[in-house]
Amino acid sequence: MARAAVLGRLTWRVGTVAATHDETATARTIVLDVPGWPGHLAGQHVDVRLTAEDGYSTERSYSIASAPPDGQADPPMVELTVQRLADGEVSPYLTQTLAVGYPLELRGPVGGWFVWSPDGPASTRPVLLVAGGSGVVPLMAMIRERAAAGSRAPFKLIYSVRDPGALLYAGELARREQAGDGLEVTYVYTRTAPPGSSQPTGRINAATLASAGWPPAESPAVFVCGPTGFVEAVADLLVRAGHGAGAIKTERFGPSGGKP
Amino acid sequence: MSDYMDGNMLGGKLGELFTMDVTSAMLTCVSCGASWAVAQTRVYPHAPGMVARCPACDAVLLRLVRGPDRAWLDLRGVTCLEVAVPDR
């Protein structure tokens with residue numbers, strides 16, 4: 001997939017919505033057919049631009065949820081999962097108005113730092129993914145790419161979410177974990193645990209990372225994505241636990257200008 | 001406090017100017033000498049443009065303003081930008 005590294009300047013393209021499906025009450029996956037899509041790496045994002053009739057336009061970044069398309073067989077589809085923010089400017093349109101057949105202007109693929117590739121030189125290196133809320137989206141692309149590429153790299157995902165109803169990709173994650181091929185998922189509920197669960201609610205802490213992550217001696221590649229405060233807290237815990245700062249890659253999103 | 005984002009979000013806008021991915025480029029801070037990937041910088045998107053600051057010393061590294069038909073890239077706080085160039 002080295003060819004997916006961006007070799008030309010990025011320009012705006014127009015994709016067409018091929019399908020949508022709701023992931024939760026407030027999150028929707030949008031499948032876009034993007035003619036000429038050059039491919040992407042797991043972890044990359046796109047910038048989406050909405051333009052009003054009076055010419056006002058605004059941009060947001062959204063992580064790509066899908067694994068890179070197989071250049072031979074698959075059409076050039078790109079999936080985004082968008083979490084709706086009640087006071088958002090862009091996300092309500094994307095999750096409530098945008099429908100099959102609508103055009104959507106986008107620029108990408110963007111980013112070459114927060115990416116995981118099965119072709120990398122350390123491709124059997126263990127991977128720890130830590131997600132806060134919809135920060136799971138680019139990490140899901142990595143999980144999907146791992147499966148699509150038949151990678152043997154052992155993956156652990158620690159997924160912090162408010163309550164079971166806010167879980168993205170719950171069914172798919174359960175299915176992939178049950179396949180028993182090296183993906184382990186640990187859920188951390190900050191507000192409400194599933195009914196009947198004895199698991200206490202709370203934030204990810206040092207004990208969570210020690211029990212559900214990799215020891216530093218395994219030299220895992222670590223990807224952390226979530227709101228800024230979440231990312232700072234988790235990265236700090238990981239460094240204190242002995243993980244090298246250079247092994248930890250982070251991506252933050254916030255309520256404006258970012259990934260809403 | 002945590003009203004900043006990070007340099008990952010600069011990729012699209014800088015990708016209009018550069019042919020390579022700039023988020024994985026390394027830069028060196030004029031103020032304190034620390035080196036970071038552009039993706040690791042703290043980005044404040046609320047100014048009229050994007051302002052990236054050093055995670056260590058908080059000095060302004062770069063500012064990027066995009067107008068309708070042009071862009072202004074101010075690299076005042078960067079001594080060096082190290083970009084991987086594909087060997088083609």
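Buried area is the accessible area, taken with a 1.4 Å probe, that two parts lose on being put together, summed over both. The legends below describe close-up views of a predicted model.

**Figure 1. The interface between chain B and chain A in the predicted model.** Together the two chains bury about 2,000 Å², of which 52% lies on carbon and sulfur atoms. Of the area that chain B buries against chain A, 26% comes from B:M5, B:N8 and B:E16, more than from any other three residues. The contact involves 26 residues of chain B and 27 residues of chain A.

**Figure 2. Polar contacts and salt bridges between chain B and chain A.** Between the chains there are 12 residue pairs in polar contact, both residues being at pLDDT 80 or more. On the side of chain B that touches chain A, the elements giving two or more residues are strand 1 (5-6) and helix 1 (11-14) of chain B. Helix 1 of chain B gives the most, with 3 residues. By residue type, this side of chain B divides into 10 nonpolar, 10 polar and 6 charged residues. Salt bridges between chain B and chain A number 3. In one salt bridge, the side chain of B:K13 meets that of A:E59, at 3.0 Å from N to O. Both residues belong to a network of salt bridges that links A:D47, A:E59, A:R107, B:K13, B:E16 and B:R66.

**Figure 3. Helix 2 of chain A and its surroundings.** Helix 2 of chain A spans residues 136-149, and its 14 residues reach 20 Å from the first C-alpha to the last, close to the 20 Å expected at 1.5 Å a residue. Because 11 of these 14 residues are buried, the helix is largely enclosed by the rest of the structure. Among the buried residues are A:V136, A:P138, A:L139, A:M140 and A:I143, together with the charged residues A:R144, A:E145 and A:R146. Just after the helix, A:G150 takes a positive phi of about 70°.

**Figure 4. The salt bridge between A:R144 and A:E172.** The closest N and O atoms of this pair are 2.7 Å apart. A:R144 lies in helix 2 of chain A and A:E172 in helix 3 (residues 170-178) of chain A, so the salt bridge ties together parts that are 28 residues apart in sequence. Both partners count as buried: A:R144 has a relative accessibility of 12%, and A:E172 has one of 15%.

**Figure 5. The environment of A:T81 in strand 5 of chain A.** A:T81 is found in strand 5 (residues 77-83) of chain A and counts as buried, at 6% relative accessibility. The side chain of A:T81 makes a polar contact of 2.8 Å with the side chain of A:T29. A further polar contact, of 2.6 Å, joins the side chains of A:T81 and A:Y169. Residues up to four places away in sequence aside, A:T81 also touches others, including A:E23, A:R28, A:S63, A:A65 and A:L168. Another residue touched by A:T81 is A:V137, one of the buried residues of helix 2 of chain A.

**Figure 6. Salt bridges within chain A and within chain B.** Over all chains, the whole structure holds 17 salt bridges. The side chains of A:R60 and A:E89 meet in one of them, at 3.1 Å from N to O. This pair links distant parts of the chain, 29 residues apart: A:R60 is in strand 4 (residues 57-63) of chain A, and A:E89 is in the loop between strand 5 and helix 1 (91-97) of chain A. A:R60 counts as buried at 10% relative accessibility, whereas A:E89 is partly exposed, with a relative accessible area of 42%. In chain B, B:R76 forms a salt bridge with B:D74, the closest N and O atoms being 2.9 Å apart. B:R76 is exposed, its relative accessible area being 54%.

Note on methods
Residues numbered from 1 in each chain as written. Chains lettered and ligands numbered in written order. Heavy atoms only, no water. Helix = DSSP H or I, 4+ residues; strand = E, 2+ residues; numbered from the N terminus. Expected span 1.5 Å × (residues − 1). Buried < 20%, exposed > 50% of the residue type's maximum accessible area, 1.4 Å probe, protein only. Contact = heavy atoms within 4.5 Å. Salt bridge = Lys/Arg side-chain N within 4 Å of Asp/Glu carboxyl O. Polar contact = N/O pair within 3.5 Å; in protein donor to acceptor, adjacent residues only side chain to side chain.
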